[in-house]
Amino acid sequence: AASARAIRTRRLLGAGGAAALAVGAVVVGLAVRDRARREVEAMIADQVTAATARQYAARQLAARRDVARDRAFGLFDAGQWSAGEQAWSEVEAMEAHEERLYRGASEALDSILLLDPARAGLRAWAADLTFERLARAERDRRRDLAEELASRVLAYDDGRYRAALVADARVELTVAPPGTQVWIEATGARRRQVDPSRSPLRLPAGSLVLGFEAPGHAPARLPVLLARGETLAVRIALPAAASVPPGMLYVPSGRFLFGGAEGSDAARQVFNAAPLHEVTTPGYFIARYEVTFAQWIEYLEDLAPDERRLRTPRSNNLVTATSSLTLAELGGGRWRLSLTPTPARTYTAETGQRLHYEGRAKRADQDWMRFPVSGVSYDDAIAFASWLDRTRRVPGARLCNEHEWERAARGADDRTRPAGDAFAPDDANVDVTYGREPLAFGPDEVGSHPGSRSPVGADDMAGNVWEWTRSVEGDPSVIRGGSWYQGVLSARSMNREHVEPTLRGTLIGLRLCATPP
């Protein structure tokens, strides 16, 4: 009996001890979990504080940067490039700091999502912040960052931003005269006609060309770059066909991107370009082709003998002394061109003769009178345009300013060359077009390379000869467009070369603009 009682007692004590141990383990486990939860909550609170503070600081800095950015662009557009570069250096420093703050806020939110993926309102906050950053990246034209952020928005989004990412733009059209036909041309798509009376048009974001045609009026091509969800007012009044000088195209007033891509300051310095930003020009006329020798000879024959000798094309370029050019008057309305593209050969042709390039398999025989004139100085070009205006051959004739030239060359977007970013050797007359063969170098007849036709319809806006333009920087003269002797890198539409205005080079000619009446 005593043994039985002892056994029962031990059993009861053992069961009680096990229960006590189990209860203790639960108590300890609950305490540990509660402590861990408090620690996680503290970490989350710290990250929330950090994300909030960084986003607020980024927004404050973004507002200040926008003001500084507009100021810098204003200096560039006013011709104060030195002050503009100083202001832009400050803008770039602010941009880098702003991006660090925004990225820090995003990283803090990502940390919270790892700790508590189901936390209420967190994914919406992350989507809002990412879309905010996306809008800034798109505005700054940082394509790689914008693509990354667009994919992240979709990862966080609860449906609010999905439609915004693919939202069409609205184009409100006001067109004159009544009955003008309007068509749309987008890269990779067929041209299609639209009804302007059904304005606003809903069009996908991106780069496209609006075309306008009406009987008795000049046609026009208007390149536009549309942002998602924006509303753009387009007002077009086509000029009467009789008011358009022969050989000229009408470019309606509008906006375009001028300069070099943001975020690539070293490249900008190589090309002497302003930071990429939006500029607007009024409507203007621009010549489809570069001025030819035939047009220049007509000018010479109208001048007094002394003035004629002064304005006759010839090269005086000591920098590229390997090439030379002279135009000689033979009398009786006959002229002779002597062209030495490289020391390997001098080509000579007179009025009525064709020039033969010995080293070419294509375009070997050409009418030199249709070559772009070269060997003329900036002052010669100004005098030629003044003569055209004075004699009413081209009323309002003048040299294009850089804004007009670049807008005509690249359209509304930031493409590298007139036809886009891709390049084949025959798209323009540059060094590789004829294989860098010494006996093949030289100018081509204007209009020989449709691959260098611009969005507004102007030919040879890359290669053939550099073109004198009126500088928007302060110096009187800048050449644009590249030449037949230099590489395709020089033929980029944003490239600007400062040249002394008295230079007469074999690689430099001109294209005309005119002010509509």
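How many bridges join strand β1 to β7, and do the two run parallel or antiparallel? In this predicted model, strand β1, which spans residues 169-176, is joined to β7 by seven bridges, and the two strands run parallel.

## The sheet around β1

One of the residue pairs in this parallel arrangement involves T174, whose bridge partner in β7 is R235. The two strands belong to an open sheet of three strands, arranged in the order β4-β1-β7, in which the pairing is mixed. The edges are formed by β4, covering 201-203, and β7, covering 231-237, each of which pairs on one side only. From one strand to the next, the twist of this sheet averages 30°.

## Strand β2 and its partners

Strand β2, made up of residues 181-186, is joined by six bridges to strand β5, residues 206-213, and the two run antiparallel. Within this pairing, Q181 has E213 of β5 as its bridge partner.

Strand β2 also pairs with strand β3, residues 192-194, through three bridges, again with the strands running antiparallel. Here V182 stands opposite V194 in β3. The connection between β2 and β3 is a hairpin with five residues between the strands, and in its turn G188 adopts a positive phi of about 80°.

## Packing of α2 against α3

Two packed helices are described by the angle between their axes and the distance between the axes. For helix α2, residues 81-115, and helix α3, residues 122-139, the axes come within 10 Å and cross at roughly 160°. Because angles over 145 degrees count as roughly antiparallel, α2 is roughly antiparallel to α3. The crossing of α2 and α3 is left-handed.

## Helix α10 and its ends

Helix α10, which runs over residues 402-410, has nine of its nine residues buried, and it is therefore largely enclosed by the rest of the structure. Among the buried residues of α10 are several with charged side-chain names in the sequence, including E402, E404, E406, R407 and R410, together with W405.

At the N-terminal end, α10 is capped by N401, a side-chain oxygen of which lies 3.0 Å from the backbone nitrogen of H403. At the other side, α10 is followed by G411, a residue whose phi is positive, near 75°.

## The disulfide of C400 and C513

The count of disulfides in the model comes to one. The link is formed by C400 and C513, whose sulfur atoms are 2.1 Å apart, and with 95° about the S-S bond it is right-handed. Since C400 lies in the loop between β17 (397-399) and α10, while C513 belongs to strand β22 (residues 512-514), the pair ties together parts that are 113 residues apart in sequence. Both cysteines, C400 and C513, are buried.

## N464 in the loop after α10

Where is N464 found? The residue sits in the loop between α10 and β18, the latter covering 466-470. With a relative accessibility of 0%, N464 counts as buried, because the threshold for that class is under 20% relative accessible area. A polar atom of the N464 side chain lies 3.0 Å from the backbone nitrogen of D444.

How values were computed:
Residues numbered from 1 in each chain as written. Predicted model: local features only at pLDDT ≥ 70, side-chain atom pairs only at ≥ 80, totals over all residues. Heavy atoms only, no water. Pairing = 2+ DSSP bridges. Helix = DSSP H or I, 4+ residues; strand = E, 2+ residues; numbered from the N terminus. Axes fitted to C-alpha atoms, helices over the stretch in contact; angles between N-to-C directions. Buried < 20%, exposed > 50% of the residue type's maximum accessible area, 1.4 Å probe, protein only. Polar contact = N/O pair within 3.5 Å; in protein donor to acceptor, adjacent residues only side chain to side chain. Disulfide = S-S within 2.5 Å. Parallel < 35°, antiparallel > 145°, perpendicular 65-115°, else oblique. Left-handed = near helix turned anticlockwise from the far one by under 90°.
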